[in-house]
Amino acid sequence: DRGWTLFRLGRREEAEAACREALELLDEGPPSLARAQVHSLLGGLAYGRGDHDEAVAQHEAALALREDLGDQQGMGKSYNNLGIIAERRGDAAAAAIWHARSVRLKAAAGDRPGLASAYNNLGALYWRQGDLSRAAAALGASLDLKRRLGNRWGEAVTLANLAEVLFDSGD
């Protein structure tokens with residue numbers, strides 16, 4: 001919690017130090033969701049400073065723990081994070097695979113907020129690749145979920161993404 005709080009306050013170096021300290025303690029015990037969350041936060045911090053190799057290593061460590069613990073929701077988050085990094089690295093094919101895995105897992109787990117986010121990420125990826133019909137379908141699915149959830153801010157974000165797709169397609 002301390003690492004997350006420091007991260008949210010913009011104190012990233014302190015957040016990373018707190019996370020490393022937490023890992024030292026957590027590594028003494030059995031695999032845990034807390035350990036997975038710390039690895040995920042370290043991955044986010046590494047991504048933020050542009051260290052994509054470290055970000056991947058941390059998110060893969062989080063994913064391995066989440067798989068061992070059967071944490072489907074967490075696995076979906078890891079898939080999304082790895083998809084974002086893959087796209088940033090220029091590997092759109094890998095990004096699509098990671099995001100599609102996230103969509104499948106979140107749908108199976110009934111994680112509707114996570115599914116809406118995963119569809120939005122997948123749609124935005126398709127849009128940047130120029131696959132406008134698939135982008136519109138994914139973003140439409142995200143928008144529908146966000147409306148049913150009453151997520152007005154998320155709805156606005158997805159509508160803006162969908163507007164870009166429709167503009168580019170000439171609709």
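**Close-ups of an all-helix chain**

A search of the whole structure, which is a predicted model, turns up one aromatic pair.

**View 1. The Tyr79–Trp98 ring pair****.** The ring centres of Tyr79 and Trp98 sit 5.6 Å apart with their planes at 35°, so this pair goes down as tilted. For the label "tilted", the angle has to fall between the stacked range, under 30 degrees, and the edge-to-face range, over 60. Tyr79 comes from helix H5 (residues 72-88) and Trp98 from helix H6 (residues 92-109), so the pair ties together parts that are 19 residues apart in sequence. Are the two partners, Tyr79 and Trp98, buried or exposed? Both are buried.

**View 2. Arg101 over the ring of Trp98****.** Stay with Trp98 and bring Arg101 into the frame: the charged end of Arg101 sits over the Trp98 ring, 4.9 Å from the ring centre. Trp98 is also the residue that pairs with Tyr79, at 5.6 Å between centres.

**View 3. Helix H7 and its surroundings****.** Helix H7 covers residues 112-129, and at 1.5 Å a residue its 18 residues should span 26 Å; the end C-alpha atoms are 25 Å apart, which agrees. Which residues of H7 are buried? Among them are Gly114, Leu115, Ala116 and Ala118, then Asn120 and Asn121, and further along Leu122, Gly123, Ala124, Leu125 and Tyr126. The cover over these buried residues includes H5, H6, H8 and helix H9 (152-169). Two of those names are familiar from View 1: H5 carries Tyr79 and H6 carries Trp98.

**View 4. Ser133 on helix H8****.** Ser133 belongs to helix H8, which runs over residues 132-149. With a relative accessibility of 58%, Ser133 counts as exposed, because the cut-off for that label is over 50%. How far is Ser133 from Ala64? C-alpha to C-alpha, they are 34 Å apart in space, with their positions 69 residues apart in sequence.

**View 5. Zooming out to the chain****.** The chain has nine helices and zero strands, so read along the sequence its pattern is α-α-α-α-α-α-α-α-α. The radius of gyration is 17 Å, close to the 16 Å that the globule rule gives for 171 residues, so the chain is as compact as a globular protein of that length. Its C-alpha atoms fill a box of roughly 55 × 30 × 30 Å along the principal axes. Of the 171 residues, 43% count as buried. The accessible surface comes to about 9200 Å², with 51% of that belonging to carbon and sulfur atoms.

How values were computed
Residues numbered from 1 in each chain as written. Predicted model: local features only at pLDDT ≥ 70, side-chain atom pairs only at ≥ 80, totals over all residues. Heavy atoms only, no water. Phe/Tyr/Trp six-rings, centres within 6.5 Å; stacked < 30°, edge-to-face > 60°. Helix = DSSP H or I, 4+ residues; strand = E, 2+ residues; numbered from the N terminus. Buried < 20%, exposed > 50% of the residue type's maximum accessible area, 1.4 Å probe, protein only. Lys NZ or Arg CZ within 6 Å of the ring centre and 35° of its normal. Rg over C-alpha atoms; globule rule 2.2 N^0.38 Å. Areas by Shrake-Rupley, 256 points an atom, 1.4 Å probe, with all protein chains shown as cover. Expected span 1.5 Å × (residues − 1). Contact = heavy atoms within 4.5 Å.
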